Every structure is written in structure tokens, then in C-alpha cells.
Amino acid sequence: MAVEGLGEPGIEAHLIALRDWLVSEDALRGRVRPQRQSPLPGHMGSAMELLTVSLGSGGILAVLIQSVCTWLTSRGTNVKITISAEDGRRIEVDVQRAADPQALLREVAEQFPEPGSLPR
């Protein structure tokens, strides 16, 4: 599962803040990894492009979504992020959608069912 910014100015600072927020969750600790893009020509470093979260099982996705919703609503700006799976499924989350985390959790559960669960 990946969490990425949507090309907004200063998105790397938001992704760093989100990474710091997520790793403070006991259930997510050790599961969040930053990924960087290749350095641009003439630059010495690279920008953080996305966060990768290893989900496994046991409700980790619900913890991730709840934490992302809380983080988004606590921000002073309207940051948009995309949560995506390796198979191409994606869901965009912003402050307005994060304001109703239960509805978002239901939508995410439909698009990203837990491994081994039966489709509804």
C-alpha cells in the first residue's frame, strides 16, 4: 500500500510530517517506509515521493485510514493524498473526505478488502 502526495507545493514536508505521525501509531511502527525519487540532474539529493506501508492483516488498514484522517483534519491546509495498492486500486483522501472517517473506512473496506475476507 502506498500513500503519496498529489504534486502540491511543499508536499515533501507534508509527507515527512505524515510519516512521523504514522510511525507514532503502535500498529504502524516498523511498517512505514519513505521512497525517494531519483535526483534531478544537477541536484545532490532527491525528494520524498511517497510512503509505503506494509499492511499484512489484523486491521492494519483501518488503523492506517483512521490515522490518515486524523492527521488530515489536524493540518492547516487542504492536503490531498492518494492511497494505492500494487494492483492499481486507488482512493484519494482530502480534508473534506477525512471529516467522516467512518464513511471513508467503509469505502476503503470495499475497495481494499482484508486478505482472506469474503467480498460483500
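A residue counts as buried when its relative accessible area is under 20%. In this predicted model, 33% of the 120 residues of the protein chain meet that condition.

**Figure 1. Overview of the protein chain.** The protein chain contains four helices and five strands. From start to end of the sequence, these elements follow the pattern β-α-β-β-α-β-β-α-α. Of the contacts with a separation of 6 or more, 55% join residues 24 or more positions apart. The exposed area of the chain is about 6900 Å², and carbon and sulfur atoms supply 52% of that area.

**Figure 2. Packing of helices α1 and α2.** Two packed helices are described by the angle between their axes and the distance between the axes. For α1, which spans residues 11-23, and α2, the angle is about 130° and the axes are 10 Å apart. The two helices are therefore oblique to each other, and the crossing of α1 and α2 is right-handed. On the α1 side, the contact is made by H14, A17, L18, W21 and L22. On the α2 side, L64, S67, V68, T70 and W71 take part.

**Figure 3. Residue R19 of helix α1.** R19 is found in helix α1. With a relative accessible area of 22%, R19 is partly exposed, because the limit for buried residues is under 20%. R19 and T52 are separated by 33 residues in sequence. In space, the C-alpha atoms of R19 and T52 are 9.6 Å apart.

**Figure 4. Packing of helices α2 and α4.** Helix α2 comprises residues 60-74, and helix α4 comprises residues 101-111. α2 and α4 pack at an angle of about 140°, and their axes are 10 Å apart. What is the orientation of α2 and α4 to each other? The two helices are oblique, because angles count as roughly antiparallel only over 145 degrees. The crossing of α2 and α4 is right-handed. L61, A62, I65, Q66 and C69 belong to the α2 side of this packing. They meet P101, Q102, L104, L105 and V108 in α4.

**Figure 5. The two faces of helix α4.** Which residues of α4 are buried? They are L104, L105 and V108. Seen down the axis of α4, these buried residues fall within an arc of 105°, so they line one face of the helix. The face turned away from the buried side carries the exposed residues R106 and E110. The buried residues of α4 pack against α2, β5 and α3.

**Figure 6. Residue V108 of helix α4.** V108 is found in helix α4 and is buried, with a relative accessible area of 2%. Leaving aside residues up to four places away in sequence, V108 touches L61, I65 and I91. Of these contact partners, I91 is 17 residues from V108 in sequence. The C-alpha atoms of V108 and I91 are 7.5 Å apart.

**Figure 7. Residue L72 of helix α2.** L72 lies in helix α2. Is L72 buried or exposed? At 1% relative accessibility, L72 counts as buried. The contacts of L72, not counting residues up to four places away in sequence, are with V79, I81, V93, D94, V95 and A98. V93 is 21 residues from L72 in sequence, and the C-alpha atoms of L72 and V93 are 8.5 Å apart.

**Figure 8. Residue D94 in a loop.** Where does D94 lie? D94 is in the loop between β5, residues 90-93, and α3, residues 95-98. The relative accessible area of D94 is 12%, so D94 is buried. D94 touches L72, N78, V79 and K80 when residues up to four places away in sequence are not counted. V79 is also among the residues touched by L72.

**Figure 9. Residue T73 of helix α2.** T73 is found in helix α2. At 42% relative accessibility, T73 counts as partly exposed, whereas L72 counts as buried at 1%. Setting aside residues up to four places away in sequence, T73 touches V95, A98 and A99. T73 and R97 are 24 residues apart in sequence, and their C-alpha atoms are 9.4 Å apart in space.

Key:
Residues numbered from 1 in each chain as written. Predicted model: local features only at pLDDT ≥ 70, side-chain atom pairs only at ≥ 80, totals over all residues. Heavy atoms only, no water. Buried < 20%, exposed > 50% of the residue type's maximum accessible area, 1.4 Å probe, protein only. Contact = heavy atoms within 4.5 Å. Areas by Shrake-Rupley, 256 points an atom, 1.4 Å probe, with all protein chains shown as cover. Arc of directions from axis to C-beta. Axes fitted to C-alpha atoms, helices over the stretch in contact; angles between N-to-C directions. Parallel < 35°, antiparallel > 145°, perpendicular 65-115°, else oblique. Left-handed = near helix turned anticlockwise from the far one by under 90°.
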